[in-house]
Number of protein chains: 2
Amino acid sequence: MDVSLLKSPLSREMPSGKREQTKIQNRQLILDAARQVFAELGYGATTVRDIIRATPLASGTFYNYFKSKEEVFQAIRDEVAIAIRPRLHEERMKANTVEEFISCTFRTFFEYVSDDRVNFHAIRHTADNTRIRMDTPEVIAGFEELRSDIESAIAKGLFPPIDADFLMAAIVGVAFELGERMLGREPHDPVAAAKFATALFLGGLRTLPYAVERGVNTGSA
Amino acid sequence: MDVSLLKSPLSREMPSGKREQTKIQNRQLILDAARQVFAELGYGATTVRDIIRATPLASGTFYNYFKSKEEVFQAIRDEVAIAIRPRLHEERMKANTVEEFISCTFRTFFEYVSDDRVNFHAIRHTADNTRIRMDTPEVIAGFEELRSDIESAIAKGLFPPIDADFLMAAIVGVAFELGERMLGREPHDPVAAAKFATALFLGGLRTLPYAVERGVNTGSA
DNA sequence: ATGAAAATTGACGAGGCGTCACGAGGGGGG
DNA sequence: CCCCCCTCGTGACGCCTCGTCAATTTTCAT
């Protein structure tokens, strides 16, 4: 009696039961298979069957974990968003100037994108010349956090009282688009991309670093 | 595939044969139905069958015109790109200063987006919280044209010798992302969006117009 | 050991996919 | 004006994927 009362509440902390373990494992199996298949066939062409075929599981099992391939895709994106969001927030919190706020945001983002090839390769190219962008709740939360950080910075007097929503959108747009371009260049140069974006936001066109070689930025205005 | 180019040399001028007419008509029937169905169900959930069902045609006929729903989507996007590209290019050609180059690019783009509700509504909302961006050859050509215009402007001394590729990407990113935000606000204010984007590119954060009301921009630094 | 709860399995009906043989009907030649 | 040819619309077909569900296996608690 005493034991059973103690055991069940305590066991909540550690989900080390066989049941929980295989559940976690199966989920990961599906996610890994999906990453691989998405990267190979492209998101559009991939079917749920393709994913489970790349797995020892049966077709029905898939639906115990995800509702559709969209949901798998979302989960993969969420992983990325969850990994990068705290880093960005933390960096921005440390910022004492506009320069730091902007530069650390871009630097952190581009470096993460450059590093985490697996996920981004799975997400990037889809079918011929189509690009997908899925704003999952986690990703949207990241956007909102950026906006809220901007608003805090405005309140602190760091930023002038500009439209935080538009500024957030502009940062997001530049980050994603420039990130894409950066991944298309060899070698990846997150620092150059961050320099470019930072200079753009801090001083506009006239302070952008000059191009010195084919598609590589250095120097400054 | 451009039908008019493949036709016999003489009939190029006037495709008034009954055959050519129904061909054009059927294509348009499919495109219109697709616009409607995409807007209703979202791109992801739409099937080729849904499109032809919204049409008096038979299922097989669809494949005489398009290979897949992706191709229909591309065709719709291409229409938009073809409509807007010459406008943008023309405006930029008239620009004598950096200010004009940037401001007319954004102004024209945002005004077009705000006006052409039909196509953008068909393209915008997809399934729950997913966004699709398809870079068709025409759209990519629009990007390339922007880059080439930037390069020309650099050659003319209008711009400093910055990385045209990155600048193009930044403009594209801000245009699409801010456009999305603009469409989410009521009423649409393409001028405010253009002002914001232009100020950002010309002078950076410090010259952005101040926010005076909930999500509406006026004034300047 | 045993029964209940939970999770996996794969077969199933529904329905979409792309194809193809057929037939209708434009269009050019006589 | 007619007729044949050839293009194009048609819808049924075989294949595949979808999401479900009853049966079965696995885990867990007693």
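Around DNA strand C sit 19 residues, and the closest are A:Arg19, A:Asn26, A:Thr61, B:Arg49 and B:Tyr63; a residue counts as near the strand if one of its heavy atoms lies within 4 Å of it. Keep in mind that this is a predicted model, where local features need pLDDT of at least 70, side-chain atom pairs count only at pLDDT 80 or more, and totals for chains, interfaces and linings use all residues. Residues are numbered from 1 along each chain as its sequence is written, chains are lettered from A and ligands numbered from 1 in the order in which they are written, and side-chain values use heavy atoms, with hydrogens and water left out.

What part of the DNA does the protein face? Of the strand C atoms within 4 Å of the protein, 64% belong to sugar or phosphate, and the rest to bases. Three polar approaches give a feel for this. A polar side-chain atom of A:Arg19 comes to 2.7 Å from a sugar or linking oxygen of the strand. A:Asn64 puts a polar side-chain atom 3.0 Å from a phosphate oxygen, while A:Ala58 uses a backbone N or O atom, 2.9 Å from a phosphate oxygen.

Which elements build this surface? In chain A, helix 2 (18–41) and helix 4 (59–65) each supply at least two residues, and in chain B helix 2 (18–41), helix 3 (48–53) and helix 4 (59–65) do so too. Helices here are DSSP runs (H or I, at least four residues), numbered from the N terminus. Helix 4 of chain A gives the most, with five residues. Sorted by class, the surface has five nonpolar, eight polar and six charged residues (Ala, Val, Leu, Ile, Met, Phe, Trp, Tyr, Cys and Pro count as nonpolar, Asp, Glu, Lys and Arg as charged, and the others, Gly among them, as polar).

Now for the two protein chains. Chain A superposes on chain B by a rotation of 180° with 0.1 Å of shift along the axis, at an RMSD of 0.1 Å (a least-squares fit on the C-alpha atoms of residues with pLDDT of at least 70 in both). The two copies are therefore related as by a two-fold rotation axis. Both copies use the same surface, as 100% of the contact residues of chain A recur in chain B, contact meaning heavy atoms within 4.5 Å.

Salt bridges (a side-chain nitrogen of Lys or Arg within 4 Å of a carboxyl oxygen of Asp or Glu) come to 34 over all chains. Some cross between the chains. B:Arg181 meets A:Asp165 at 3.1 Å, N to O, running from helix 9 (residues 164–184) of chain B to helix 9 of chain A. B:Arg181 counts as partly exposed because its relative accessibility is 24%, whereas A:Asp165 is buried at 13% (buried means under 20% relative accessible area, exposed over 50%, partly exposed in between, with a 1.4 Å probe and protein chains only).

B:Asp163 also pairs with A:Arg185, with the closest N and O atoms 3.0 Å apart. B:Asp163 lies in the loop between helix 8 (137–155) and helix 9 of chain B, and A:Arg185 in the loop between helix 9 and helix 10 of chain A, so this pair joins two chains. B:Asp163 is buried at 3% relative accessibility, and A:Arg185 is buried at 17%. The A:Arg185 side chain makes a polar contact with that of B:Asp165 as well, at 2.9 Å (N or O atoms within 3.5 Å; within protein, one must be able to donate a hydrogen and the other to accept it, and residues adjacent in sequence count only if both atoms are side-chain atoms). A salt-bridge network links A:Glu144, A:Arg147, A:Asp163, A:Asp165, B:Arg181 and B:Arg185.
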